[in-house]
Amino acid sequence: MEAEAAKFIGAGIACLGMGGAGIGLGTIFGNYLSGALRNPSAADGQFGRLIFGFAVTEALGIFSLLVALLLLFAV
Amino acid sequence: MVDSNDADRNANPGAGGGNPEKGGDSLEARRKRLATELAARSAPEAPEVEGREKPQGFALAVKLSSEFIAGVLVGALLGYILDRFAGTTPWGMIVFLLLGFCAGVLNVLRSTGAVSTPVPGSRSGSTDQGTHNQ
């Protein structure tokens, strides 16, 4: 196999990590929404923690995107 | 609305004219009437804000996600351009993509109001640093 083709295959496999981040974000926002529908008065106070969890979870997806972009453009 | 309240105010002392505490009673009545008038005046504005907020939910979601993605994409693009012209092949994209991620999160926090937007005039002046140093 040529190295060029291996780079593309590796980039595609690395992008699978963003699917994991998507699952995590769906869990976070779904649980936030169900909690907010149960107790709407407490929803606004937890918005900062929601964004914090979103940022931490999305960071791992960004890492896999970074690996994919490095394989595509930088290596 | 004001005219009708004035008419009520004029009519009430006539009805309770035999009250010895007429001044205090009318003051209480006036305060109650003012409270009800304020509630009636602010009540039509509250559902309007709610109604305006309902379609804002979807717009807010699209705005937040687009701001986050824009931060990451701009960081990746800047890193790629820097790598291409400076020759620091992997590191520019790594550093600038992480910086773009941080900028995207900061954009999201700013647009939700969790972090205040910096005022352009206040940053040039050294009043904040002066107060912090003192």
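Me: What percentage of the area that chain A exposes is supplied by carbon and sulfur atoms?
Reply: This is a predicted model, in which local features need pLDDT of at least 70, side-chain atom pairs count only at pLDDT 80 or more, and totals for chains, interfaces and linings use all residues, while side-chain values use heavy atoms and leave out hydrogens and water. Residues are numbered from 1 along each chain as its sequence is written, and chains are lettered from A and ligands numbered from 1 in the order in which they are written. Accessible areas come from the Shrake-Rupley method with a 1.4 Å probe, and for residues only the protein chains shown count as cover. Chain A exposes about 4600 Å², and the part supplied by carbon and sulfur atoms is 71%.

Me: In what order do the elements of chain A run from the N terminus on?
Reply: Helices (H or I, at least four residues) and strands (E, at least two) are DSSP runs, numbered from the N terminus. Chain A has three helices and zero strands, and the order of its elements from the N terminus on is α-α-α.

Me: How far apart are the end C-alpha atoms of residues 50–74 of chain A?
Reply: UniProt, in an unreviewed entry, annotates residues 6–29 and 50–74 of chain A as "transmembrane region"; positions are given in the numbering used here, feature names are shortened, and annotations may be inferred rather than shown by experiment. Residues 6–29 of chain A are 96% helix and 0% strand, with end C-alpha atoms 36 Å apart. Residues 50–74 of chain A are 100% helix and 0% strand, and the end C-alpha atoms of this span are separated by 34 Å.

Me: Which three residues supply the most area that chain B buries against chain A?
Reply: Buried area is the accessible area (1.4 Å probe) that two parts lose on being put together, summed over both, and chains B and A bury about 1300 Å² between them, 94% of it on carbon and sulfur atoms. Of the area that chain B buries against chain A, 32%, more than any other three residues supply, comes from Met93(B), Leu97(B) and Phe101(B).

Me: Which residues does Ile94(B) contact, leaving aside its neighbours within four places in sequence?
Reply: Ile94(B) lies in helix 4 (residues 89–112) of chain B, and it counts as buried because its relative accessible area is 19%, where buried means under 20%, exposed over 50% and partly exposed in between (1.4 Å probe, protein chains only). Contact means heavy atoms within 4.5 Å. With those neighbours left aside, the contacts of Ile94(B) are Leu66(A) and Leu70(A).

Me: Is Lys7(A) buried or exposed?
Reply: A salt bridge is a side-chain nitrogen of Lys or Arg within 4 Å of a carboxyl oxygen of Asp or Glu, and the side chains of Glu4(A) and Lys7(A) meet in one (3.9 Å, N to O). Both residues lie in helix 1 (residues 3–14) of chain A, three residues apart, about one turn of the helix. Glu4(A) is partly exposed because its relative accessible area is 43%, whereas the relative accessible area of Lys7(A) is 18%, so Lys7(A) is buried.

Me: How many salt bridges does the rule find across the interface of chain B and chain A?
Reply: Over all chains, the structure holds three salt bridges, among them one between Arg41(B) and Glu37(B) (3.4 Å, N to O). Those two residues both lie in helix 2 of chain B, four residues apart, about one turn of the helix. Across the interface of chain B and chain A, the number that the rule finds is zero.
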